[in-house]
There are 2 protein chains.
Amino acid sequence: MENYQPALNSAFHALADPTRRAVIQRLLRGATTVKNLAEPFPIGLPAFLKHLRVLEESGLIATQKTGRIRTCRLEPRRLQQAEAWLAEQRALWEAGADRLAAYVEREMPEEPKP
Amino acid sequence: MENYQPALNSAFHALADPTRRAVIQRLLRGATTVKNLAEPFPIGLPAFLKHLRVLEESGLIATQKTGRIRTCRLEPRRLQQAEAWLAEQRALWEAGADRLAAYVEREMPEEPKP
DNA sequence: CCTATAGTTCACCTTATGGAGAACTATCAG
DNA sequence: CTGATAGTTCTCCATAAGGTGAACTATAGG
């Protein structure tokens with residue numbers, strides 16, 4: 001089953017936290033430094049760095065260190081990948097012509113189990 | 001900040017688990033019972049029921065008990081809501097005309113801090 | 001009534017998550 | 001060289017997640 005997709009696991013998990021979603025939204029407006037990103041949040045730097053690591057390991061952002069400054073930028077491909085999964089489910093739902101048929105087949109099978 | 005959206009928190013969290021995504025995909029083909037849903041998975045019923053509760057509390061599915069049978073169905077609105085958030089971010093990214101401008105303003109501010 | 005079926009609840013375990021503070025490292029500015 | 005700045009790492013803590021097995025409840029059928 002193509003349903004075990006680690007990329008989706010970690011992407012959706014990363015997206016489940018409001019701090020991390022806010023980081024993503026901030027990065028939509030351009031790459032910036034850790035300090036800059038962390039500034040609006042009421043948590044300590046160590047905690048914030050954990051969020052960044054979750055985002056980076058999920059592939060939603062990428063970072064690069066130059067001198068003592070780490071710059072973070074958005075990696076839109078993963079975002080799109082998550083969106084694609086959701087869009088596909090919606091498409092299947094909307095297509096759903098076979099929903100009733102499947103229901104009938106399930107509730108009134110032609111060959112009940114012995 | 002409209003970024004603290006409990007609905008998105010719980011929806012994305014629910015979507016982060018492959019078992020729960022598989023349940024959603026199963027429900028695309030029509031409502032069914034707990035037993036039916038649980039059958040393909042290698043985990044015990046109590047663990048599976050926890051997954052169902054996460055899905056239900058996130059608003060991604062709805063359930064209804066008749067007699068001793070609980071029927072689960074997909075609630076596509078939440079799915080769409082999550083998709084909408086992602087789509088919006090992508091739209092903002094693709095619009096991103098001000099990305100360079102913001103970068104310049106950040107890296108070369110007109111009034112550096114004293 | 002009796003029993004299999006469908007869920008449910010309970011106590012428990014292990015690991016992950018999100019946060020804290022303190023101490024440390026590496027660089028840039030003067 | 002000497003700070004100040006920007007990250008980083010460390011240990012610790014509380015809670016949430018995901019799983020287990022055993023015991024329990026409530027129907028539906030025969």
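## How DNA strand D meets chains A and B

A sugar or linking oxygen of DNA strand D sits 3.1 Å from an N or O atom in the side chain of Arg68(B). This is a predicted model, where local features need pLDDT of at least 70, side-chain atom pairs count only at pLDDT 80 or more, and totals for chains, interfaces and linings use all residues. Residues are numbered from 1 along each chain as its sequence is written, chains are lettered from A in the order in which they are written, and side-chain values use heavy atoms, leaving out hydrogens and water.

Here are some oxygen distances for strand D:

| Atom of DNA strand D | Partner | Distance |
|---|---|---|
| phosphate oxygen | N or O atom in the side chain of Arg20(B) | 3.0 Å |
| phosphate oxygen | polar backbone atom of Gly44(B) | 2.8 Å |

Which residues come nearest to DNA strand D? Of the 21 around it (a heavy atom within 4 Å), they are Lys35(A), Arg68(A), Arg70(A), Lys50(B) and His51(B). On the DNA side, 64% of the strand D atoms within 4 Å of the protein belong to sugar or phosphate, and the rest to bases.

Now for the two protein chains. Each of chain A and chain B puts 40 residues into their contact (heavy atoms within 4.5 Å). Together they bury about 3500 Å², 60% of it on carbon and sulfur atoms; buried area is the accessible area (1.4 Å probe) lost when two parts are put together, summed over both. There are 2 salt bridges between the chains, meaning a side-chain nitrogen of Lys or Arg within 4 Å of a carboxyl oxygen of Asp or Glu. In one salt bridge, the side chains of Glu83(A) and Arg90(B) meet at 2.7 Å, N to O.

Notes:
A polar contact is a pair of N or O atoms within 3.5 Å; within protein, one must be able to donate a hydrogen and the other to accept it, and residues adjacent in sequence count only if both atoms are side-chain atoms.
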